[in-house]
Amino acid sequence: MPELEVSAWCSTTGPLTMAELRGRVVMICAFQMLCEGCVTEAMPQAQRVFEGFSREEVVVLGLHTVFESHGRMGDAALDAFLR
């Protein structure tokens, strides 16, 4: 898998590389924090995968992608959402 091009990392001590994740299943959950379907369906599914497997087997990455309401989706809003 090619390296991810990420503008900012949250909830980790630093950038993650595909090389360091090699040998594990990597699940990427793309979401938008104001998307009802993302919040009620995709994120709970990602949470179940995160809780159901060991970190040595599976890594779950959340990829916040803005597809509407760009003005309301800044870093401060995402930090608050993640808390």
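Let's start with the walls of the largest pocket in this predicted model: sorted by class, its lining holds 22 nonpolar, seven polar and six charged residues. The space inside comes to about 1200 Å³. Of the 35 lining residues, those closest to the centre of the pocket are C10, S11, L61, G62 and L63. If you would like to find the walls by secondary structure, look for α1 (18-21), β1, α2 (36-52), β2 (58-64) and α3 (75-82), the elements that each give two or more residues to the lining. The biggest contributor is β2, with seven residues.

Now turn to strand β1, which covers residues 25-31 and includes C29. Is C29 buried or exposed? C29 counts as buried because its relative accessible area is 8%, and the cut-off for buried is under 20%.

Who surrounds C29? Setting aside the neighbours within four places in sequence, C29 is in contact with A42, M43, A46, L61, G62 and L63. L63 makes a nice example of how the fold brings separate parts of the chain together: C29 and L63 are 34 residues apart in sequence, yet their C-alpha atoms are 5.8 Å apart in space. You have met L61, G62 and L63 already, among the residues closest to the centre of the largest pocket.

Finally, a word on the aromatic rings. A search of the whole structure turns up zero aromatic pairs. The ring of F50 does have a charged partner, though: the charged end of R55 sits over this ring, 3.8 Å from its centre.

How values were computed. Residues numbered from 1 in each chain as written. Predicted model: local features only at pLDDT ≥ 70, side-chain atom pairs only at ≥ 80, totals over all residues. Heavy atoms only, no water. Helix = DSSP H or I, 4+ residues; strand = E, 2+ residues; numbered from the N terminus. Buried < 20%, exposed > 50% of the residue type's maximum accessible area, 1.4 Å probe, protein only. Contact = heavy atoms within 4.5 Å. 1 Å grid on protein atoms, 1.4 Å probe; cavity = no way out; pocket = protein on both sides within 12 Å on 5 of 7 lines; lining within 4 Å. Points joined across faces, edges and corners; volume = space filled by probe spheres on them. Nonpolar A, V, L, I, M, F, W, Y, C, P; charged D, E, K, R; others polar. Phe/Tyr/Trp six-rings, centres within 6.5 Å; stacked < 30°, edge-to-face > 60°. Lys NZ or Arg CZ within 6 Å of the ring centre and 35° of its normal.
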